[in-house]
Every structure is written in structure tokens, then in C-alpha cells.
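Please look over the structure shown here before reading on; the paragraphs that follow move from the fold of one chain to the packing of nonpolar residues.

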Amino acid sequence: MTSTLTPVRSKRSALTKGQLPKYAPYVVLAAALVAGAAILALVGFNAFGWGIVSAILFAVGLVSWSAAVEGSRKAKDKLATCLVVGSFLIALLPLISVIWTVLVNGIPGLLNPGFLTTSMNGVTGVYDNRAVEEGAPVIGGIYHALLGTIQITLLATVISVPVGLLTAIYLVEYGNDGRLARAITFFVDVMTGIPSIVAGLFAAAFFFAVVGPGTKTGAVAAVALSVLMIPVVVRSSEEMLKIVPNELREAAYALGVRKWRTILKVVIPTAISGIASGVTLAIARVIGETAPILVTAGFATSINSNVFSGWMASLPTFIYTQILNPTSPANPDPSSQRAWGAALVLIILVMVLNLAARLIARIFAPKTGR
Amino acid sequence: MSKRIDVKDLNVYYGDFLAVEDVTINIEAKSVTAFIGPSGCGKSTFLRTLNRMHEVLPGARVEGEVLLDGDNLYGPGVDPVTVRSQIGMVFQRPNPFPTMSIRDNVLAGVKLNNKKISKGEADVLVERSLKGANLWNEVKDRLEKPGSGLSGGQQQRLCIARAIAVEPQVILMDEPCSALDPISTLAIEDLINELKDQYTVVIVTHNMQQAARVSDRTAFFNIAGTGKPGKLIEVGDTQTIFSNPVQKATEDYVSGRFG
């Protein structure tokens with residue numbers, strides 16, 4: 001070591017002095033947890049309060065230590081970090097709580113034999129009473145509701161996507177920001193804000209007037225959901241079509257390609273990933289609607305595979321009726337178990353749709369690479 | 001396979017605004033004509049009227065005649081799509097279709113119009129067009145890769161290949177080298193020299209050396225001031241325009257004493 005002119009200092013150089021050691025946050029965190037537990041023990045311990053008090057102690061401790069050692073600039077930085085991370089945790093709390101509650105309550109229901117493959121047809125309070133009193137298995141399932149939700153949502157998508165996409169194409173490619181285009185944009189915005197129950201009432205009233213009073217089928221519900229879906233599809237597709245560079249349209253025109261072919265073969269393929277994920281998110285948005293389905297498709301306990309006739313169950317209305325009108329009023333537990341199971345299935349459906357949206361976006365995205 | 005263009009008394013408007021005033025010019029077949037002039041003088045606007053791309057913009061319109069071998073492009077009943085399939089265009093920024101492979105980009109003019117073409121014919125057309133654009137040797141092993149993965153200069157040559165694949169009579173180029181480095185620019189200029197054996201080429205450029213290098217005839221456009229229409233000041237053999245122009249404004253511009 002004699003050959004080196006300036007001896008290398010073991011850990012702290014002149015450039016790193018006046019910094020908190022790397023382990024500082026962990027030390028403060030441990031101290032805050034212990035102090036928090038001690039304070040809470042005085043007033044009566046609970047986990048929620050422990051978390052809040054410890055978080056506050058941690059922030060105060062770390063910031064003041066930093067202010068003492070590192071100066072005010074670093075202390076402000078630490079304070080901002082604490083606030084950002086704290087806000088993130090607070091925002092995350094409800095989400096985790098919802099998922100946790102649904103998982104805990106839903107898994108027993110989901111594990112019932114035949115939960116996904118049987119309907120509630122013929123399941124009466126007698127069976128539920130027996131399940132509670134004698135320990136017999138809980139019977140009955142959500143097959144009819146799952147089938148109904150899938151059919152209604154599929155039909156709503158089949159109605160909404162062509163209407164929404166064509167509207168968006170008109171607005172972006174042909175509207176020229178004229179009076180009609182501006183009127184459409186305005187009414188689409190208004191439609192976005194329509195409460196879902198109003199959409200349901202509209203569809204019900206429309207079919208009562210056109211087909212006959214008391215018309216309640218899956219198709220009516222699909223129309224109600226379309227009213228909610230179309231503005232979302234129009235808005236997202238419009239944004240996606242707008243960001244297709246004009247140069248690509250001009251390139252196609254300059255090759256002697258007609259306008260509608262340019263739109264069909266150049267503009268839409270370029271924007272398809274965004275459009276597809278927008279549509280999937282719109283589906284996820286309406287799949288959990290309860291009120292409009294209740295007033296348009298009614299409620300059923302048996303399997304109805306014809307979307308155009310007869311009342312039809314769906315997952316949200318199934319949950320609603322199972323909680324509000326348990327199959328056995330004396331023993332509501334089996335019903336509530338079924339409701340939680342259905343809620344879990346609904347959440348899984350929405351998650352799968354969101355994942356599908358990402359997958360679709362990736363598959364259709366313009367290819368890069370050399 | 002090339003036609004001449006004769007423009008008579010052409011006024012170009014954006015809405016009520018007169019952008020280019022009273023242009024009369026003859027563009028010879030199988031030659032390169034360069035448009036030069038300061039920014040905003042209407043060179044590009046005028047170029048876009050030659051294949052009816054101008055009217056794509058809302059409110060844009062044209063008065064006057066543009067004759068392609070005697071047929072008026074703006075005559076009644078003329079379909080702009082027919083015009084554009086005869087007069088191709090290359091833009092300032094390379095714009096290959098991002099969803100298509102290199103091969104599909106070259107075939108875009110055929111495929112987007114849903115014309116039937118056998119695989120053998122398509123292969124021949126792709127090879128001929130890419131060779132015509134001096135790009136074949138660089139991309140022949142990766143024709144199925146996306147066109148957006150090429151370098152800027154290669155992308156611009158891909159766009160030229162795409163334009164010549166539809167076998168137009170005339171090729172318009174709107175500052176094709178302004179986004180490219182000197183080496184890619186040289187490749188494109190060499191290409192222009194080869195293209196004029198078969199096509200009528202019109203090129204807009206800000207680069208006067210480029211105009212002097214590649215063109216047979218040069219047209220100088222100028223503008224009197226902001227908000228005034230652009231005008232064609234002088235057109236003639238490139239040699240004459242750069243060495244012995246008739247108009248004072250032209251001489252000032254080409255010698256760098258402009259403004």
C-alpha cells in the first residue's frame with residue numbers, strides 16, 4: 001500500500017461523507033414499529049392503528065435524522081419519498097382489501113361441487129336448511145348466471161363494436177370537424193354520463209313499446225349494455241384512429257389507393273391493437289352492471305340458453321338476489337356463500353379480460369425489429 | 001413509360017387564401033425538374049397539385065389546368081385515384097407502412113388495391129422495384145422483416161421502390177433527402193439519375209447543390225412577403241439558372257444574397 005500516493009479510505013470518502021448509511025431506513029422502520037406498538041399498547045392495540053402510527057413515526061424519524069446529518073435538501077427529498085410511497089400504499093389498500101375479501105369469502109363457494117356446472121333450478125330453502133343444520137353439502141350453482149352474463153355481454157359487444165367503430169371512423173376520417181361531427185361528439189359525451197339504470201329503463205321502455213309490454217329477455221339487456229358501451233368504444237377508437245400518422249394515409253393515397261381501402265387496409269390495421277384493447281376494457285366495464293340487467297332481463301333460476309326469449313340470469317343479478325332474497329330466509333349463509341363465489345368468478349372474468357386486452361395489444365402491435 | 005406535364009395559369013388555394021399564384025410551366029418527359037426557393041414559397045404545395053394530393057387537405061382547391069400528355073388532371077369527371085396511380089409521390093419523411101413487411105411495403109400499391117397477383121409475379125415485381133431503388137442487395141435476405149426496422153435512408157429508398165412498383169408515368173419527390181445523412185442522400189441522388197431514363201421526375205429541394213447535381217431543368221419560386229402568394233419567378237435549364245439567370249431575384253437566391 002505504500003506505493004499509492006493517497007491512501008484509499010476504507011468506507012467513507014470525502015465525496016460520500018455526510019450521508020445516512022444505507023441501512024438507515026431499516027433501522028428507523030424497526031424503531032418506528034417498536035415505538036408504535038408501545039404507544040398502541042397504552043390505548044389498546046389494533047393492527048390498523050399500529051400501521052398508521054408506525055408510518056407517521058417512521059416518516060418523522062427518517063426526515064429529522066436526515067435533516068440532522070444530511071441537511072435540509074436531502075431531508076425534503078426523504079419527506080417527498082415518504083409522502084409518495086405512503087399515498088401509493090393508501091391507494092393500494094382498498095384494492096388489496098377487496099381482492100382479499102372476495103378470495104376468502106368466495107373460494108369456499110367456488111369449491112362447492114357443481115358450482116360452475118349446475119343452476120339454481122329446483123334448489124329451495126329446504127336444501128339450504130339441511131346444509132346448515134345437518135352438514136349436507138351446499139348445492140346449486142351459477143351455471144345459468146355465467147351463461148347469461150356471457151351471452152348478454154357477447155351480444156352487447158356484437159351490437160356496440162360495429163356501431164362504435166364506424167362512428168369513430170366517420171368522426172376521424174369523414175367528419176372534417178363539421179356540424180354533424182361536432183353534434184355526434186357532443187352526444188357521445190352526453191351518453192358517456194348516462195346512469196346505467198337510465199340505459200336499462202330506456203331499453204326496457206323501447207322493447208315494451210316495440211315488441212310488447214313485459215318483454216324481458218337477454219337481448220333487451222344487451223341493448224341496454226350497448227347504450228353504455230357504444231360511447232366508450234367510440235371514444236377509445238376515435239383516439240386510436242387520431243394518432244395514426246397522416247403520412248401513412250397520404251402514402252396510400254399517393255399509390256392510387258381509394259379512401260375506404262386506405263382506411264380498411266392501412267389506418268385500421270395500424271390502430272387495431274389500441275382499438276381491440278379499448279373494446280376489451282369497454283366489455284370489462286359493462287360486465288358487472290346490475291341495475292340495467294335487472295330491469296331488462298329480469299331474473300331466472302334456471303338455464304336459459306336463448307338470449308332472445310325468456311328471463312335470463314347474470315352474475316351481478318345473481319349476487320344481488322342471493323344476498324337480498326336468500327334461498328332460505330332462515331339460513332342465509334349458503335346463499336351468501338354462493339353470492340361470494342359468483343363475485344369471485346366475476347372478478348376473475350374481468351381480470352382475464354384485462355389480461356386479454358394486453359395480449360391483444362401485443363399481438364396486433366406494429367412489428368419492430370431488424 | 002413517361003409523360004410530360006404542362007401547367008397553365010394554375011392558382012392554388014387553401015380556403016380563401018391564395019397560396020400559389022398563376023404558375024405556367026412545362027415539365028419535360030424523361031428528365032429531372034427541380035423546384036427551388038425559400039421556405040413557404042409554395043414549392044411543395046404546387047408539387048402536391050400535380051397529382052391531386054393537395055385537395056386531400058380540407059378546404060384546399062385549385063384553379064387552372066394541369067395537362068398530363070394533354071389530358072387535364074382537373075377536368076370534369078377525372079377520378080383523383082386514377083391520377084395518383086399514374087403520378088407517384090415520395091414524401092419528405094420516409095413513411096413505410098408499419099404493419100407491413102419490406103416485401104408487403106413494395107407490393108402495397110398492388111395489394112391495397114386488391115389486384116390479383118401470383119406469387120411468382122409478385123417476387124419478380126419486388127426484386128425489380130427494389131433493384132430499381134438500389135435497395136435489393138441490402139434487404140434481399142430479410143424481405144419478411146418489418147419495413148420500420150430499416151435505417152432512414154433505406155426506408156426512403158423503400159418508399160421509392162414502393163412508388164415505382166405501381167409503374168407510374170411521373171414521380172414527384174418532396175424534399176426526399178432532407179431527413180437523411182450525406183451518404184444516404186448520395187444514394188438517392190444516384191437513384192434519381194437512373195430513374196430519369198424511365199420516368200419523369202420532379203423534385204422539390206432546399207439544397208441548391210442538390211438541384212444543380214441532379215436536375216436538367218430548374219424552376220425558382222419566390223414569395224414577396226408573409227401572407228402574399230408564392231410565384232414562379234423563372235424556369236430554365238439548370239445550367240442557365242445557376243450561371244446566367246434572367247431575373248435578379250433568381251441570381252440573388254442562387255448566389256446566396258437572398259433577403
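How many helices and how many strands make up the secondary structure of chain A? In this predicted model, chain A has 13 helices and 0 strands, and reading along its sequence therefore gives an unbroken series of α elements, α-α-α-α-α-α-α-α-α-α-α-α-α. The radius of gyration of chain A is 29 Å, whereas the globule rule gives 21 Å for 370 residues, so the chain is more spread out than a compact globule. The C-alpha trace of chain A, taken along its principal axes, spans about 95 × 80 × 40 Å. Of its 370 residues, 36% count as buried, and among the contacts between residues at least 6 apart in sequence, 77% join residues at least 24 apart.

In chain B, the unreviewed UniProt entry lists residues 5–248 as "domain: ABC transporter". That span is 34% helix and 27% strand, and its end C-alpha atoms lie 27 Å apart.

Turning to the nonpolar packing, the largest core holds 142 residues, of which A:Ala342 and B:Ile171 touch the most other members. Helix α8 of chain A, residues 218–242, supplies the largest share of this core, with 16 residues. Leaving aside residues up to four places away in sequence, B:Ile171 touches B:Gly88, B:Val90, B:Ala163, B:Ile164, B:Leu195, B:Tyr199 and B:Val201. A second, separate core consists of 5 residues, among them A:Ala32, A:Phe58, A:Leu62 and A:Val63.

How values were computed
Residues are numbered from 1 along each chain as its sequence is written. Chains are lettered from A and ligands numbered from 1 in the order in which they are written. This is a predicted model: local features need pLDDT of at least 70, side-chain atom pairs count only at pLDDT 80 or more; totals for chains, interfaces and linings use all residues. A nonpolar core is a set of buried Ala, Val, Leu, Ile, Met, Phe, Trp, Tyr and Cys residues joined through C-beta atoms within 7 Å. A residue is buried if 20 or more other C-beta atoms lie within 10 Å of its own, exposed if 12 or fewer, and partly exposed in between; C-beta atoms are placed from the backbone. Helices (H or I, at least four residues) and strands (E, at least two) are DSSP runs, numbered from the N terminus. Two residues are in contact if their C-beta atoms, placed from the backbone, lie within 7 Å. UniProt positions are given in the numbering used here, feature names are shortened, and annotations may be inferred rather than shown by experiment. The radius of gyration is taken over C-alpha atoms; the globule rule is 2.2 Å times the number of residues to the power 0.38.
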